[in-house]
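The report below describes a single protein chain, going from its overall confidence to selected helices, salt bridges and individual residues.

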Amino acid sequence: MLHRYKFNGYSGYADVLAELMLMCLRDAGSPKTDAVCWVPSSGRRIYRRGYDQSRRLAVRIAKGLGLPLRRLLVKTRHNRSQSGTKTTSERFENVRGAFAAAGRLGGEAVLLVDDICTTGATLRECARVLRAAGADKVVCLCAARSSVSRAD
C-alpha cells in the first residue's frame with residue numbers, strides 16, 4: 001500500500017493512512033503539540049509524483065487533530081532518494097543539509113509527519129533543523145517504520 005501511495009500515484013491512500021496514523025497517535029496518548037508540519041519532498045519529486053506524499057498525510061492529520069498545518073521546512077536541494085542508499089551512514093550523509101527552516105519558531109511543540117522511517121536519518125535531520133529554528137519539542141509521526149537494517 002505504501003509503495004503504491006509513494007511511487008505509483010495512488011494518492012487516495014492518504015485518507016486511510018492518515019486515519020491509521022491518527023489512531024496510533026491517540027493510542028499513544030496524543031502528545032501535546034502546537035502545529036503539524038511535514039518532511040518536504042524536492043520539487044523534482046513532486047513534479048514526477050504529482051504530489052508531496054508527506055504533505056498529503058500532514059493535511060489530514062492536522063485536520064483530524066484540529067491543529068494548524070504549517071510549512072516549517074523547505075527542501076534546499078534535490079538529493080538522491082533515501083531508498084537508493086546502501087548503508088545507514090550513507091542515509092545520514094545524503095540528507096545532511098538537505099532541509100532548512102522556513103522561518104523562526106517561538107518555542108512551539110511541532111508534530112513532524114513523514115511517510116516511512118527506515119533509519120531515522122531524515123526525521124533526525126528535520127528535527128535538528130526545527131530545534132535550531134526555535135522549536136521546543138519535535139514529535140515524529142510516520143505511516144510505517146521499516147524493519148530493514150542497513151549495515152555499514
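A residue is called exposed when its relative accessible area is over 50%, buried when that area is under 20%, and partly exposed in between. With a relative accessible area of 53%, Gly-50 is therefore exposed. Gly-50 belongs to the loop between α3 (43-49) and α4, and its C-alpha lies 7.5 Å from that of Gly-9, although the two glycines are 41 residues apart in sequence.

The model is a predicted one. Its chain has a mean pLDDT of 87, with 90% of the residues reaching 70 or more. Among the elements of the chain, the highest mean pLDDT, 97, belongs to strand β1 (residues 35-38), whereas the lowest, 77, belongs to α5, and the description of that helix below may be read with this value in mind.

**Helix α5 and its surroundings**

Helix α5 spans residues 88-95, and its buried residues are Thr-88, Arg-91, Asn-94 and Val-95. Seen down the helix axis, the buried residues of α5 fall within an arc of 125 degrees, so they line one face of the helix. These buried residues pack against β3 (99-101) and against α6 (121-132). After α5 comes Gly-97, which has a positive phi, near 80 degrees.

A positive phi also occurs at Ser-30, where the value is near 40 degrees in a residue other than glycine. Most residues other than glycine have a negative phi. Ser-30 sits in the loop between α2 and β1, and with a relative accessibility of 31% it counts as partly exposed.

**Salt bridges**

How many salt bridges does the structure hold? There are four, including the three in the following table, where each distance is that between N and O atoms.

| Pair | N to O distance | Relative accessible area |
|---|---|---|
| Arg-60 and Asp-15 | 2.4 Å | Arg-60 27%, Asp-15 47% |
| Asp-34 and Lys-32 | 3.3 Å | Asp-34 34%, Lys-32 59% |
| Glu-125 and Arg-128 | 2.8 Å | Glu-125 9%, Arg-128 43% |

The side chains of Arg-60 and Asp-15 meet in a salt bridge, and this pair links distant parts of the chain, since Arg-60 is in helix α4 (residues 53-65) and Asp-15 in helix α2, 45 residues apart. Arg-60 is partly exposed, and Asp-15 is likewise partly exposed.

Glu-125 and Arg-128, by contrast, both lie in helix α6, three residues apart, which is about one turn of the helix. Glu-125 is buried at a relative accessible area of 9%, while its partner Arg-128 counts as partly exposed at 43%. In the salt bridge between Asp-34 and Lys-32, Asp-34 is partly exposed and Lys-32 is exposed.

**A nonpolar patch at the surface**

Met-1, Val-16, Leu-20 and Met-23 make a nonpolar surface patch of about 360 Å². One of these residues, Leu-20, has its place in helix α2 (residues 13-27), and its relative accessibility of 42% makes it partly exposed. Helix α2 also contains Asp-15, the partner of Arg-60 in the salt bridge described above.

**Two buried residues and their contacts**

Is Asp-115 buried or exposed? Asp-115 is buried, with a relative accessible area of 2%, and its place is in strand β4 (residues 109-117). Leaving aside neighbours within four places in sequence, Asp-115 is in contact with Lys-6, Gln-53, Ser-54, Leu-57, Cys-142, Ala-143 and Ala-144.

Leu-105, which is found in the loop between β3 and β4, is also buried, its relative accessible area being 9%. When residues up to four places away in sequence are not counted, Leu-105 touches Arg-70, Leu-72, Leu-130, Ala-133, Gly-134 and Ala-135. Between Leu-105 and Cys-140, which are 35 residues apart in sequence, the distance from C-alpha to C-alpha is 17 Å.

Terms used:
Residues are numbered from 1 along each chain as its sequence is written. Side-chain values use heavy atoms; hydrogens and water are left out. Buried means under 20% relative accessible area, exposed over 50%, partly exposed in between (1.4 Å probe, protein chains only). Helices (H or I, at least four residues) and strands (E, at least two) are DSSP runs, numbered from the N terminus. The arc is that of the directions from the helix axis to the C-beta atoms. Contact means heavy atoms within 4.5 Å. Patches are made of residues with over 30% relative accessible area and no salt bridge: like charges are joined within 9 Å, nonpolar side chains (Val, Leu, Ile, Met, Phe, Trp, Tyr) within 5 Å. Accessible areas come from the Shrake-Rupley method with a 1.4 Å probe; for residues, only the protein chains shown count as cover. pLDDT is the predictor's confidence in each residue, from 0 to 100.
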